[in-house]
Amino acid sequence: MKKHLQIHPEKVLLVEDNELLLFSMKRFLEREFNHVMAISTGEDAIAHLKGQFYNVVVLDIRLPGMDGWEVIEHIKRESPNTRVIVITTSEDEGTREKALSRGASEFLEKPFDLEELREILLRIIHYNPILP
């Protein structure tokens, strides 16, 4: 029996330089979220965020050029109501604490299950509703 998926109007921005993971996340989340945008660099994410509100940004820390830390700073300064879920492969045990202290709502270590990401998104959206 297949679960009925509800279409959520919230806007989700995915920022990930691994094209396969980016494509997989986008396809998976588009089944349930009305607006999912996929971006592969920090610079493109910043440019895309200008003038647009996203409820949640799913953000890799290790990006070419501008890294995820700089993107989080920009989001928290320019769009403080946007929630950030940090995703990364990290050997540094302090990365989770650093991400949360810089304003991330959640932290997911790669590899992760797409269903786990979906559950986190739904929890953030339903328990912390935000408006632009």
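**Figure 1. Lys11 lies over the face of Tyr54.** This close-up comes from a predicted model. Look for the ring of Tyr54 and then for Lys11: the distance to the ring centre is 4.8 Å.

**Figure 2. Lys98 brings its charged end over the ring of Trp69.** Here's another lysine with an aromatic partner. The charged end of Lys98 is 4.5 Å from the centre of the Trp69 ring. What about aromatic rings pairing with each other: how many aromatic pairs does the structure hold? The count is zero.

**Figure 3. Helices H1 and H5 cross at roughly 55°.** H1 covers residues 19–30, while H5 covers residues 114–127. Their axes come within 10 Å of each other. With that crossing angle, the two helices are therefore oblique to each other. As for handedness, H1 goes past H5 in a right-handed crossing.

**Figure 4. Here's where H1 and H5 meet, residue by residue.** On the H1 side you'll find Ser24, Met25, Phe28 and Leu29. Facing them from H5 are Leu114, Glu115, Leu117, Arg118 and Leu121. Sort the residues of this contact by character and you get six nonpolar, one polar and two charged.

**Figure 5. A cis peptide bond joins Lys110 to Pro111.** Omega for this bond is near -5°. Where does Pro111 lie? Pro111 is in the loop between strand E5, which spans 106–109, and helix H5.

**Figure 6. Helices H2 and H3 cross at roughly 10°.** H2 takes in residues 42–49, and H3 takes in residues 68–78. The two axes come within 9 Å. Why call them roughly parallel? Angles under 35 degrees count as roughly parallel, and the crossing here is roughly 10°, so H2 is roughly parallel to H3. H2 puts Gly42, Ala45, Ile46 and Leu49 into the contact, and H3 adds Val71, His74 and Ile75. Split by character, the residues of this contact are five nonpolar, two polar and no charged.

Terms used:
Residues are numbered from 1 along each chain as its sequence is written. This is a predicted model: local features need pLDDT of at least 70, side-chain atom pairs count only at pLDDT 80 or more; totals for chains, interfaces and linings use all residues. Side-chain values use heavy atoms; hydrogens and water are left out. Axes are lines fitted to C-alpha atoms, for helices over the stretch in contact, and angles run from 0 to 180 degrees between N-to-C directions. Helices (H or I, at least four residues) and strands (E, at least two) are DSSP runs, numbered from the N terminus. Angles under 35 degrees count as roughly parallel, over 145 as roughly antiparallel, 65 to 115 as roughly perpendicular and the rest as oblique. A crossing is left-handed if the near helix is turned anticlockwise from the far one by less than a right angle, and right-handed if clockwise. Contact means heavy atoms within 4.5 Å. Ala, Val, Leu, Ile, Met, Phe, Trp, Tyr, Cys and Pro count as nonpolar, Asp, Glu, Lys and Arg as charged, and the others, Gly among them, as polar. Rings of Phe, Tyr and Trp (its six-membered ring) pair if their centres lie within 6.5 Å; planes under 30 degrees apart count as stacked, over 60 as edge-to-face and the rest as tilted. A charge sits over a ring if NZ of Lys or CZ of Arg is within 6 Å of the ring centre and within 35 degrees of the ring normal.
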